[in-house]
Amino acid sequence: MTAAPKHAPKMAELSLAQRLGPWMPVLLVPALVVLGALAIPETSSWLTLTVSGLAMGMMIFIMASGLTLVFGLMDVINFGHGAFVSVGAFVGVTVLLMLGQMTGAPSLGLNLVALMLAVLGAMAATGAMGWAFEKVIVMPVYGHHLKQILVTMGGLIVVEQLIIVLWGPEEIYIARPESLKGAITFAGAALEKYRLVAVVVGLVVFAAMRFVLRRTRIGLIVRAGVQNGEMVQALGYRLRRVFVGVFIAGSALAGLGGVMWGLYQEVITAHMGNQAMILIFIVVIIGGLGSVEGCFIGALLVGLLQNYVAFLEPKAALISNIALMVAILMWRPMGMIPVVKAK
Amino acid sequence: MSDPILRLEGVCTNIAQYHILQGVELEVPRGQVTMLLGRNGVGKTTTLRTVIGHWRAHKGRVMFDGEDITAKPTPAIARSGVGFVPEDMGIFSDLTVEENMVLAAASGPIDSARLDWVFSAFPPLKTFWSSEAGNLSGGQKQMLSIARAMIEERKLYLIDEPTKGLAPAIVSTMARALKELKAQGASILLVEQNFAVARALGDTANVMDDGRVIWSGAMAKLAGDAELQERLMGLSLEAH
């Protein structure tokens with residue numbers, strides 16, 4: 001065997017700014033929280049708004065995480081993603097209404113079981129719907145962005161109308177499970193129980209996604225596929241199956257987000273997914289297409305900023321997220337944590 | 001002589017409205033390095049991409065190990081024993097060197113003896129094992145690209161311009177690694193513009209022009225005939 005060639009590579013010394021560079025987007029979240037603390041005089045108000053912002057961010061993340069992977073991996077612009085949010089909310093709420101005795105009981109265990117069943121029902125329904133949506137609507141238009149926008153938008157409208165046919169055109173007001181109503185007081189701040197649950201669920205989903213993407217072979221294939229699908233196939237992996245799996249998982253997560261979002265707002269409509277799509281797209285774009293970590297940070301920024309600004313200057317809340325998107329894209333045009341595409 | 005590991009029979013490939021391959025006839029004997037030579041734009045890369053299934057031949061047949069793979073999807077072709085090193089290297093920049101290699105070992109965990117052999121051919125990969133591949137130099141990325149193909153034993157290696165744009169020292173490293181691969185009895189179809197490397201590695205040569213193979217024969221014969229080189233490629237190997 002040939003002797004190893006003479007070659008002694010070493011890593012270059014990086015400056016502090018270079019070392020901090022990749023972490024800058026992560027630091028934005030605590031920086032925004034600190035700015036919020038400086039701008040909001042009462043600590044209790046700041047704490048309430050921070051928890052509310054984090055909860056909102058977590059729910060947006062859950063809804064958006066599937067879309068960013070579908071964007072990155074399949075290069076599909078799926079405007080129909082909001083349909084999964086709406087369907088998830090309606091199926092989940094239907095299950096909760098069927099389990100009225102469990103949700104109405106003053107038992108945290110029973111309430112959580114009911115919520116879990118609602119979430120599972122919603123995820124199963126939206127996962128199956130995602131599979132059909134990909135086969136019927138998305139597959140024929142792979143590689144054609146304009147057609148994707150048109151047909152997925154059409155799919156969204158069809159699903160919205162089907163929801164109206166099945167559940168009626170009226171808004172449905174819902175009550176949260178008994179144990180998740182009300183708030184707990186901490187450091188003089190009222191923290192809604194449901195928002196705390198939403199934060200925990202968001203963290204669990206993020207941790208699970210990171211584990212799958214970073215620690216499993218399927219995650220490795222997905223991350224590689226986002227960068228260079230052609231090469232992944234040349235290594236022997238059937239990326240088409242992975243595509244479908246990611247689409248189903250993304251749809252199911254949107255369904256989970258729909259249930260969470262519906263219970264957060266305590267009212268659901270057929271158009272709720274469509275309305276959420278604006279925030280979802282902002283998060284996906286500022287995070288970096290295909291980046292789950294970027295999506296997570298973007299969602300937290302959007303949630304926190306919206307809550308702080310709505311408190312400090314309510315009229316400005318309408319434009320705060322667009323302003324955030326503009327600022328971030330001026331700083332990092334490919335999003336905060338861009339995925340390097342081999343194209 | 002045994003059956004060739006790869007045979008292209010009148011392969012035609014179109015890309016959009018362009019007729020790139022116009023009836024390629026090519027054989028890659030088992031256990032040999034077959035060079036695919038020719039000027040830029042004559043269809044060498046398209047030939048490799050057609051074999052691996054990235055482009056579809058609309059006419060002709062691609063026979064691999066006695067089986068018609070013309071219509072097979074890329075993953076099936078790869079799993080049947082074809083390793084591919086594309087011209088752009090196809091590195092997953094956001095993944096570490098280790099993750100790139102783990103992904104390349106599609107049939108299971110990396111064989112440690114094989115990995116040691118790869119490290120002996122490309123020591124920088126051991127040094128930067130946990131680094132993101134996007135942070136490697138151009139030469140190191142090319143090493144990683146070839147190492148990914150080498151990490152599992154393949155029946156055929158398709159390698160597209162492995163020395164392109166590399167410093168002479170790195171070119172030597174590449175050539176040594178490919179020689180080792182050859183010494184193990186691997187069958188290689190190699191596109192190479194560096195004629196010194198081509199001459200050192202090649203057993204047989206195929207010269208392409210205008211989407212066809214216009215000459216096939218022993219590499220030694222082509223290397224030793226300046227007039228033939230001039231006629232086929234408009235240049236002389238001696239100039240390199």
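This is a short talk on a predicted model with two chains, A and B.

I will take the chains one at a time, then the contact between them, then a few single residues.

Chain A has 13 helices and four strands. Its C-alpha atoms fill a box of roughly 75 × 50 × 40 Å along the principal axes. The radius of gyration is 21 Å, and a compact globule of 343 residues would come out near 20 Å, so the two agree. Half of the chain is covered, in the sense that 50% of the 343 residues of chain A count as buried. On contact order, take the contacts in chain A between residues at least 6 apart in sequence: 79% of these join residues at least 24 apart.

Chain B has ten helices and ten strands. Its radius of gyration is 17 Å, close to the 18 Å that the globule rule gives for 240 residues, so chain B is as compact as a globular protein of that length. The C-alpha trace of chain B spans about 45 × 40 × 40 Å along its principal axes. Of its 240 residues, 48% count as buried. For contacts in chain B between residues at least 6 apart in sequence, the share joining residues at least 24 apart is 68%.

Now the strands of chain B. I will walk through four of them, E3, E8, E7 and E6, by their pairings.

Strand E3, residues 33-37, pairs with E8 in the parallel sense over four bridges. In that pairing B:Met35 stands opposite B:Leu190 of E8(B). E8 in turn pairs with E7, again in the parallel sense, over five bridges. There B:Leu190 is the bridge partner of B:Ile159. E7, residues 156-160, then pairs with E6, also parallel, over four bridges. B:Phe84 is the residue opposite B:Leu158 in E7(B).

How much of strand E8 is buried? Five of its five residues, 187-191, are buried. B:Ser187, B:Leu189 and B:Val191 point one way from E8(B), while B:Ile188 and B:Leu190 point the other way. E6, residues 82-85, gives a similar list: B:Val82 and B:Phe84 point one way, B:Gly83 and B:Val85 the other, and all are buried. As background, side chains in a regular strand alternate between the two faces of the sheet.

Between E7 and E8 sits a helix. E7(B), helix H7 (residues 168-183) and E8(B) make a right-handed β-α-β unit. One residue of H7 is B:Ala177. It has 22 C-beta neighbours inside 10 Å, and the cut-off for buried is 20 or more, so B:Ala177 counts as buried. Leaving aside neighbours within four places in sequence, B:Ala177 is in contact with B:Ala121, B:Phe122 and B:Ile146. For scale, its C-alpha atom is 18 Å from that of B:Trp129, which is 48 residues away along the chain.

Next, the two chains together. In the interface, 23 residues of chain A are in contact with 27 residues of chain B. On the chain A side, those residues divide into 14 nonpolar, six polar and three charged.

What about the core? The largest nonpolar core holds 186 residues, and A:Met59, A:Ile60, A:Val283 and B:Leu158 touch the most other members. The largest share of this core, 18 residues, comes from helix H3 of chain A, residues 43-74. A:Val283 touches A:Ile60, A:Ala64, A:Cys295, A:Gly298, A:Ala299 and A:Val302, not counting residues up to four places away in sequence. In general, nonpolar side chains tend to be buried together in soluble globular proteins.

Last, two backbone points. Most residues other than glycine have a negative phi. Here A:Ala187 has a phi near 50°, a positive value. A:Ala187 is in the loop between strands E2 (183-186) and E3 (189-192) of chain A. Is it buried or exposed? With 8 C-beta neighbours inside 10 Å, A:Ala187 counts as exposed.

The other is B:Glu161, with a phi near 45°, also positive. B:Glu161 lies in the loop between E7 and H7 of chain B, which places it within the stretch I described for the β-α-β unit. Its 21 C-beta neighbours inside 10 Å make B:Glu161 count as buried.

Terms used: Residues are numbered from 1 along each chain as its sequence is written. Chains are lettered from A and ligands numbered from 1 in the order in which they are written. This is a predicted model: local features need pLDDT of at least 70, side-chain atom pairs count only at pLDDT 80 or more; totals for chains, interfaces and linings use all residues. Helices (H or I, at least four residues) and strands (E, at least two) are DSSP runs, numbered from the N terminus. The radius of gyration is taken over C-alpha atoms; the globule rule is 2.2 Å times the number of residues to the power 0.38. A residue is buried if 20 or more other C-beta atoms lie within 10 Å of its own, exposed if 12 or fewer, and partly exposed in between; C-beta atoms are placed from the backbone. Two residues are in contact if their C-beta atoms, placed from the backbone, lie within 7 Å. Two strands pair if DSSP finds at least two bridges between them. Ala, Val, Leu, Ile, Met, Phe, Trp, Tyr, Cys and Pro count as nonpolar, Asp, Glu, Lys and Arg as charged, and the others, Gly among them, as polar. A nonpolar core is a set of buried Ala, Val, Leu, Ile, Met, Phe, Trp, Tyr and Cys residues joined through C-beta atoms within 7 Å. A crossover is right-handed if, with the strands pointing away from the viewer, the path from the first strand over the helix to the second runs clockwise.
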